[in-house]
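Trainee: I'm new to this one. Could you walk me through it and explain the words as we go?

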Amino acid sequence: MPSPTVVEVEQDVFCVTGTDVNWVLLREGADLTLIDAGYPADIPAVEESIRSIGARPDDVRAILLTHAHIDHIGAINHFHDKYGTPAYMSAVETSHAKREYLEQAGEMDVVKNIWRPGMLRWSLRIARAGATRHVTVPHAAEFPTAGALDLPGAPVPVATTGHTSGHTSYFLPSVGAVVTGDSLVTGHPTSRRVGPQLLLPMFHHSEQETLASLDALASLDAGLLIPGHGRPERIPIREAVTTVRERAIGKSGSAHA
Ligand SMILES: [Zn+2]
């Protein structure tokens with residue numbers, strides 16, 4: 001696997017890109033919060049990204065999850081087994097992480113969409129990254145408190161359901177940023193667009209609910225969008241939500257969108 005790309009998007013806020021997916025490091029003194037954990041094959045890249053900012057993997061106080069898809073949970077058991085790192089998420093998403101049910105695009109969804117530009121190459125790349133591996137997170141735990149979490153960066157969970165039933169974004173009030181996971185992205189190898197957008201419908205448990213829950217993001221005082229896929233973007237989050245909704249309407253209202 002190639003080395004991860006690490007960008008300090010705000011002081012002590014790092015957006016890292018692994019195999020077509022991002023994770024985020026929040027630093028406070030010597031302690032870190034890790035939001036999301038890449039594909040299974042990204043484990044060395046997650047550790048490398050931590051070392052690249054002068055920290056150690058056991059400095060991670062907790063892993064926060066946006067949602068329990070394979071491209072976001074890859075290193076989570078490794079951190080638990082090796083460093084005892086807890087993993088927090090919404091109550092609903094704990095059941096998903098434990099694989100009591102699965103809300104994830106399967107191989108058949110990929111096959112049906114293989115004609116789309118970029119799909120074949122992307123699917124081969126993620127297969128090598130462990131996309132078809134069955135991973136469960138037995139230690140998945142609900143947020144210990146409501147509101148801002150007592151963790152480095154003091155992230156505030158914001159329910160943005162739809163992509164999965166328990167999907168959560170994280171607002172960082174001190175820097176005016178929001179980590180949106182897959183509720184709102186800025187790019188993907190299966191999309192020709194750059195900028196705020198939704199992933200393809202095949203990736204969402206409910207696209208309609210994903211769009212509706214963007215209300216929760218639009219009300220945040222944030223000017224920096226840190227997505228699960230694509231580049232971080234400096235844009236008022238309210239504007240990003242408007243763009244995404246206009247594109248979604250354009251898509252259903254016109255045959256050549
Ligand atoms: Zn994803």
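Trainee: What makes the arrangement of the 4 donor atoms around the zinc ion irregular?

Mentor: The angles do. They run from 89 to 163°. Four donors count as tetrahedral if all angles lie between 85 and 135 degrees, and as square planar if opposite donors are over 155 degrees apart and all others between 65 and 115; anything else is irregular. The range of 89 to 163° makes this arrangement irregular. Before we go on, this is a predicted model, where local features need pLDDT of at least 70, side-chain atom pairs count only at pLDDT 80 or more, and totals for chains, interfaces and linings use all residues. Residues are numbered from 1 along each chain as its sequence is written, and side-chain values use heavy atoms, with hydrogens and water left out.

Trainee: Which residues coordinate the zinc ion?

Mentor: Asp71 (OD), His72 (NE2), Asp182 (OD) and His229 (NE2) do, at 2.1 to 2.2 Å. Donors are N, O and S atoms within 2.8 Å of the metal (3.2 Å for Na, K and Ca); water is not among the atoms, so sites may look incomplete. Along the sequence, the donor residues follow the spacing D-H-x109-D-x46-H.

Trainee: Why does Asp71 count as buried?

Mentor: Buried means under 20% relative accessible area, exposed over 50%, and partly exposed in between (1.4 Å probe, protein chains only). Asp71 has 9%, so Asp71 counts as buried. His72 is buried too, at 0%. Across the protein, buried residues make up 53% of the 257 residues.

Trainee: How many helices and strands does the protein have?

Mentor: There are 9 helices and 12 strands. Those are DSSP runs numbered from the N terminus: helices are H or I with at least four residues, strands are E with at least two.

Trainee: Why is the protein called as compact as a globular protein of its length?

Mentor: Its radius of gyration is 17 Å, close to the 18 Å that the globule rule gives for 257 residues, so the description fits. The radius is taken over C-alpha atoms, and the rule is 2.2 Å times the number of residues to the power 0.38. The C-alpha trace spans about 50 × 40 × 35 Å along its principal axes.

Trainee: Where is Phe14, and is Phe14 buried or exposed?

Mentor: Phe14 lies in strand S2 (residues 13-17). With 4% relative accessibility, Phe14 counts as buried. Contact means heavy atoms within 4.5 Å. Leaving out residues up to four places away in sequence, Phe14 touches several residues, including Val6, Trp23, Leu25 and Ile53.

Trainee: What does helix H1 pack against?

Mentor: In H1 (residues 43-52), Ala45, Val46, Glu47, Ser49 and Ile50 are buried. The buried residues of H1 pack against several elements, among them S2, strand S5 (60-64) and helix H3 (76-83).

Trainee: What is notable about the phi of Asp12?

Mentor: Most residues other than glycine have a negative phi. Asp12 has a positive phi of about 70° although it is not a glycine. Asp12 sits in the loop between S1 and S2.

Trainee: Why is Asp12 called partly exposed, while Arg99 is called buried?

Mentor: Set both against those cut-offs. Asp12 has a relative accessible area of 24%, so Asp12 is partly exposed. Arg99 has 16%, so Arg99 is buried. Arg99 is found in the loop between helix H4 (91-97) and helix H5 (107-112), and the phi of Arg99 is also positive, near 60°.

Methods
Four donors count as tetrahedral if all angles lie between 85 and 135 degrees; four count as square planar and six as octahedral if opposite donors are over 155 degrees apart and all others between 65 and 115; anything else is irregular.
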